[in-house]
Amino acid sequence: MTSELSYRTLPNFVGRPNFVGRLVLALVILAWATPRLQAELSVSSDFPGGSADVIKVDQGESLVEVEPPQRFGNGWPCWWYFQVDGAVAGQPITVKVRANREPFRDGRSLAPHWSLPQQASISGDRANWEQTRPGTIHVDHAVYQVTAPAERFWIAWGPPFQLADAEALLDRIATNDPTAERFELARTRGGRVVPAIRVGNRSGEHAVWVQARQHAWESGSSWVARGFIDWVVSDDPRAVALRAETEIVFVPIMDVDNVERGAGGKDAVPRDHNRDWSDDPVYPEVAAAQRRIGELIDAGRLRIFLDLHNPSSTDTNPFYFGPLSYERLPAAQQRLYNRFLDLSIEQITRPVAIHPQFRFATYVKTQEERDRVSKMWVSNRGDQRLVSLTLETSWNTPQGTISGYTRVGQGLAETVARFLLDDNPEFDQGS
Ligand SMILES: [Zn+2]
């Protein structure tokens with residue numbers, strides 16, 4: 001019996017480890033394969049500049065639907081930027097963006113077109129950004145059909161430009177040019193650094209101040225700024241000549257807080273950043289800029305002030321907001337402005353030509369408010385040899401890309417160089 005029992009039970013006894021082994025192996029394979037077979041799309045925005053409330057993620061339809069969130073007090077709810085995980089490279093995905101219609105300030109809600117570009121920006125590495133195919137724009141939402149470039153990718157209203165991008169840009173310039181001076185313009189109300197740089201001849205006859213991004217959602221303005229400074233520090237003989245005579249002060253992001261929050265910034269509480277140029281500014285970076293600009297003016301050196309923005313969705317060409325008091329300016333100063341515009345028309349020709357006339361911001365209703373716009377504060381403070389302008393670079397076009405923006409910035413820098421270097425009778429009269 002004993003031997004018979006042993007004989008009968010032996011195969012089962014010997015077989016059990018094989019069965020257990022196979023079971024364990026199957027479980028291991030299942031555990032390995034499950035996330036791959038059932039990879040789920042997910043959306044996140046918990047990173048600098050990230051901005052999206054998730055409305056829906058539909059795995060079956062490969063659809064993600066988001067809305068730019070309200071950040072009360074921090075301006076327009078128009079900027080969106082998020083990360084998608086769980087895609088398969090090459091997977092068609094539908095991205096639906098719903099405009100946020102909830103009142104953001106004083107009962108006002110934002111018109112949807114600010115949030116719904118014809119083409120969004122997509123990236124598989126957050127360094128190279130491409131436009132999506134044109135989306136279908138509806139009354140209150142847009143639908144973009146995208147092809148996932150990787151398992152993880154990012155999609156945004158436009159090519160993002162964050163504080164880290166500003167730091168990297170200024171580090172690169174300072175490394176390549178030992179005469180450049182990196183400095184901290186200010187610490188924001190949120191405790192963040194506002195980085196800036198001075199290049200060129202710091203005791204030169206002329207000074208130029210260029211700043212971008214008083215409105216956080218206008219990411220294109222920082223790319224225009226990058227195109228500007230990259231040309232200024234280049235080996236182009238005109239750039240070399242410009243630097244020999246001129247100090248250029250450069251601030252790629254003014255409203256660092258809202259840029260890093262992923263907020264729109266425009267119409268923030270208590271003040272829009274570009275309505276804060278008063279005797280008592282709210283934002284430390286505005287106060288710091290006023291102080292430094294005032295010093296350049298007092299030294300009789302500031303020739304050009306440029307504040308970089310992005311305009312409305314319907315503006316197809318870059319344009320300048322001109323001096324609101326243009327008609328009251330002395331004739332010689334009017335000629336200076338006209339000359340700057342004429343040179344801009346010659347230099348800013350691609351990818352789209354600059355609008356050939358100054359425009360005037362009629363939506364600013366009172367003189368008191370107009371005088372709190374940065375370019376107005378600077379021109380009111382400056383002398384008659386100063387040109388103080390806002391450049392609005394169109395974004396809702398096929399050229400609203402990194403290369404399109406930086407090309408406009410280069411044209412702007414070439415304009416500045418010609419304005420200051422070419423024979424200029426107005427300077428001769430004024431000096
Ligand atoms: Zn703006």
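Select the zinc ion and show its four donor atoms. The angles among them run from 57 to 141°, and the site is irregular. Tetrahedral would require all angles to lie between 85 and 135 degrees, so this range of 57 to 141° fails that test. Keep in mind that the model is predicted.

Next, label the donors. They are His215 (ND1), Glu218 (OE), Glu218 (OE) again, and His309 (ND1). Glu218 thus appears twice in the list. The coordination distances are 2.1 to 2.3 Å.

Now trace the donors along the chain. Their spacing reads H-x2-E-x90-H. Glu218 sits in the loop between β13 (206-212) and α3 (219-232), while His309 belongs to strand β15 (residues 302-309), so this pair ties together parts 91 residues apart in sequence.

Colour by accessibility. Is Glu218 buried or exposed? Glu218 has 2% relative accessibility and counts as buried. His309 is buried too, with a relative accessible area of 2%. The cut-off for buried is under 20%.

Leave the zinc site and select Leu169. This residue is in helix α2 (residues 163-176). Its relative accessible area is 3%, so Leu169 is buried.

Which residues does Leu169 touch, leaving aside its neighbours within four places in sequence? Show Phe161, Arg226, Ile229, Asp230 and Phe250: Leu169 is in contact with each of these.

Finally, draw a C-alpha to C-alpha distance from Leu169 to Ala299. It comes to 29 Å in space. Along the sequence, Leu169 and Ala299 are 130 residues apart.

Methods
Residues numbered from 1 in each chain as written. Predicted model: local features only at pLDDT ≥ 70, side-chain atom pairs only at ≥ 80, totals over all residues. Heavy atoms only, no water. Donors = N, O, S within 2.8 Å, 3.2 Å for Na, K, Ca; no water. Tetrahedral: all angles 85-135°; square planar, octahedral: opposite > 155°, others 65-115°. Helix = DSSP H or I, 4+ residues; strand = E, 2+ residues; numbered from the N terminus. Buried < 20%, exposed > 50% of the residue type's maximum accessible area, 1.4 Å probe, protein only. Contact = heavy atoms within 4.5 Å.
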